[in-house]
Amino acid sequence: MIEIHPDAVVSRLADIEDSVRGSRIVLAARAVIDSFVKIKPAGGSGDLWIGERSVINSGCVLYTGNGIRIGADVAIAANCTFAPVNHAYMARDIRINQQGFLPSKGGIVIEDDVWIGANCVLLDGAVLRRGCVIAAGSVVRGEVPAYTIQGGNPLRQLGERGVQA
């Protein structure tokens, strides 16, 4: 269920696994997947959609989990991890690797015109609104307002696009 637009570019060194659960992986026109990107349908049956002219740089790992939707004109720097799934872990009488997954928090949604810096981690329930910027090394778990510049762990607002500091 991998659909790659003829105008999309996927490095021969990228690793895109096909789903055994029926998840779709869809790359739109002029989307770019750089070398050493790993896309793995795991942790659920959500789909991965990558919009037009969006770029996923080297070393990123995307688990499909509960779904990832990336809009158009999104820039994702190197070594980011997208994990739209949460492992269950509370039961002491069940081995950790046998506990399965928690209910979905909605997957990951990234609207158009977003920049995500290097080494960021996006978790289930992350919603990045249009035009926001995420600083390198940040962890995102909730909603990020449009056109804000956010960074850190915990994430906090550092500024706004188009507003001088």
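Two strands are taken to pair if DSSP finds at least two bridges between them. Strands themselves are DSSP runs of E with at least two residues, while helices are runs of H or I with at least four residues, and both are numbered from the N terminus. The structure is a predicted model, in which local features need pLDDT of at least 70, side-chain atom pairs count only at pLDDT 80 or more, and totals for chains, interfaces and linings use all residues. Residues are numbered from 1 along each chain as its sequence is written, and side-chain values use heavy atoms, with hydrogens and water left out.

On these terms, eight strands form an open sheet of mixed pairing, in the order β2-β5-β8-β11-β14-β17-β20-β21. Its edge strands are β2 (9-10) and β21 (156-160), each of which pairs on one side only. A second open sheet holds six strands in the order β3-β6-β9-β12-β15-β18, and here the pairing is parallel. Because β3 (15-16) and β18 (139-140) each have a single partner strand, they stand at the edges of this sheet, and one side of each is left without a neighbour in it. In total, the secondary structure of the protein chain comes to 21 strands and zero helices.

It is worth stepping back to the chain as a whole. The C-alpha trace spans about 55 × 40 × 20 Å along its principal axes. The radius of gyration of the protein chain is 16 Å, which agrees with the value near 15 Å for a compact globule of 165 residues; the radius is taken over C-alpha atoms, and the globule rule is 2.2 Å times the number of residues to the power 0.38. Of the 165 residues, 42% are buried, where buried means under 20% relative accessible area, exposed over 50%, and partly exposed in between (1.4 Å probe, protein chains only). The accessible surface comes to about 8,700 Å², and carbon and sulfur atoms account for 52% of this surface; such areas come from the Shrake-Rupley method with a 1.4 Å probe, and for residues only the protein chains shown count as cover. Contact means heavy atoms within 4.5 Å. Among contacts between residues at least 6 apart in sequence, 22% join residues at least 24 apart.

Next come the pairings within the sheets. In the mixed sheet, β2 and β5 (residues 32-33) pair in the parallel sense over two bridges, with V32 of β5 as the bridge partner of V9. Further along the order, two bridges join β17 (residues 133-134) to β20 (residues 148-151), again in parallel, and V133 stands opposite I149 in β20. The strands β20 and β21, by contrast, run antiparallel and are joined by four bridges, with T148 opposite E160 in β21. The hairpin of these two strands has four residues between them, and in it G152 takes a positive phi near 100°. In the parallel sheet, β9 (residues 61-63) and β12 (residues 81-83) pair over two bridges, and V61 stands opposite T81 in β12.

The loops deserve a look too. Between β5 and β6 (38-40) lies S35, which counts as buried because its relative accessibility is 13%. Leaving out residues up to four places away in sequence, S35 touches S11, L13, A14, S58 and G59. V37 belongs to the loop between β5 and β6 as well and is buried, with a relative accessible area of 1%. On the same sequence cut-off, its contacts are A14, D15, I56, N57, S58, G59, C60 and L62.

Two further loop residues are partly covered. D112, in the loop between β13 (108-110) and β14 (115-116), counts as partly exposed at 26% relative accessibility. The C-alpha atoms of D112 and A72 are 4.8 Å apart, although the two residues are 40 apart in sequence. Apart from neighbours within four places in sequence, D112 is in contact with G71, A72, V74, R130 and G131. G22, in the loop between β3 and β4 (25-27), is likewise partly exposed, at 42% relative accessibility. Its contacts beyond neighbours within four places in sequence are M1 and D47.
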